[in-house]
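Let's take a walk through this one together, starting with a single contact and working outwards. Keep the structure open beside you as you read.

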Amino acid sequence: MNYQEYRKSLNQRLSEKVGRELADFREGILSKTPQEIYDAAHQIILKNDIAECFLETDYSPQTAKALMKSSNLLQDIYEECLEKDNSHKEDLLQIIKDFKDYMVKTEKILSEKER
């Protein structure tokens, strides 16, 4: 097996690992009450996004092997994301502020034209 095949094989195994972890997570979520599922909505979305990232990334063999050593890679990365989630909230607050400014400016322009 040449280097590229080896790299591809390790990345495939990594994707499969994350896919199994996501399937296990989904199975656990589906056994919950509707309220518990609703409460876990953020976790569901974020874990799906994390899993999708693994499908789109090509890691070096060394990196792929290191990541596969995690007992639950999906959960570990999810927890890392939670620690940094304030940045997402800050981004969201900025988007809301920018949209508010745009709407206020647009309303002002339209009201001036009505005069």
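**From a salt bridge to a surface patch**

Start with Arg-7, which makes a salt bridge to Asp-58, with 3.2 Å between the closest N and O atoms. This pair ties together distant parts of the chain: Arg-7 sits in helix α1, while Asp-58 is in the loop between α3 (41-55) and α4, 51 residues apart. Bear in mind as you look that this is a predicted model.

The two partners don't share the same kind of surroundings. Arg-7 has a relative accessibility of 18%, so it counts as buried, because the cut-off for buried is under 20%. Asp-58 comes out at 48%, so it is partly exposed.

Now stay with helix α1, which covers residues 3-30, and see what it packs against. One partner is helix α4 (residues 61-68): the two axes are 9 Å apart, and the packing angle is about 25°. That angle makes α1 roughly parallel to α4, because anything under 35 degrees counts that way. The crossing of α1 past α4 is left-handed.

Another partner is α3. Here the axes of α1 and α3 come within 9 Å, and they cross at roughly 165°. So α1 is roughly antiparallel to α3, the cut-off for that being over 145 degrees. When α1 passes α3, the crossing is again a left-handed one. Put that next to the salt bridge and you have Arg-7 of α1 reaching Asp-58 in the loop between α3 and α4, with α1 packing with α4 and crossing α3.

Helix α1 also has a salt bridge of its own. Lys-17 pairs with Glu-21, and their closest N and O atoms are 2.8 Å apart. Both residues lie in α1, 4 residues apart, which is about one turn of the helix. If you're wondering whether they are buried or exposed, Lys-17 is buried, and Glu-21 is buried too.

How many salt bridges are there in the model? The count comes to 4. Another of them joins Asp-101 to Lys-100, with the closest N and O atoms 2.8 Å apart. Asp-101 has 30% relative accessibility, so it counts as partly exposed. Lys-100, with a relative accessible area of 45%, is partly exposed as well. These two belong to a network of salt bridges that links Lys-97, Lys-100 and Asp-101.

Next, have a look at helix α5, residues 73-114. Asp-91 lies in this helix, and a relative accessible area of 48% makes Asp-91 partly exposed. To get a feel for distances in the model, go from Asp-91 to Arg-26: they are 65 residues apart along the chain, and their C-alpha atoms are separated by 28 Å.

Met-103 is found in α5 too. With 42% relative accessibility, Met-103 counts as partly exposed, because partly exposed covers the range between the 20% cut-off for buried and the 50% cut-off for exposed. Which residues join Met-103 in a nonpolar patch on the surface? They are Phe-99 and Tyr-102, and together the three have about 350 Å² of accessible area.

That's a good place to pause and go back over the model. You began at the Arg-7 to Asp-58 salt bridge, and you finish at the nonpolar surface patch of Phe-99, Tyr-102 and Met-103.

How values were computed:
Residues numbered from 1 in each chain as written. Predicted model: local features only at pLDDT ≥ 70, side-chain atom pairs only at ≥ 80, totals over all residues. Heavy atoms only, no water. Patch = residues over 30% accessible without salt bridge, like charges linked within 9 Å, V, L, I, M, F, W, Y side chains within 5 Å. Areas by Shrake-Rupley, 256 points an atom, 1.4 Å probe, with all protein chains shown as cover. Salt bridge = Lys/Arg side-chain N within 4 Å of Asp/Glu carboxyl O. Helix = DSSP H or I, 4+ residues; strand = E, 2+ residues; numbered from the N terminus. Buried < 20%, exposed > 50% of the residue type's maximum accessible area, 1.4 Å probe, protein only. Axes fitted to C-alpha atoms, helices over the stretch in contact; angles between N-to-C directions. Parallel < 35°, antiparallel > 145°, perpendicular 65-115°, else oblique. Left-handed = near helix turned anticlockwise from the far one by under 90°.
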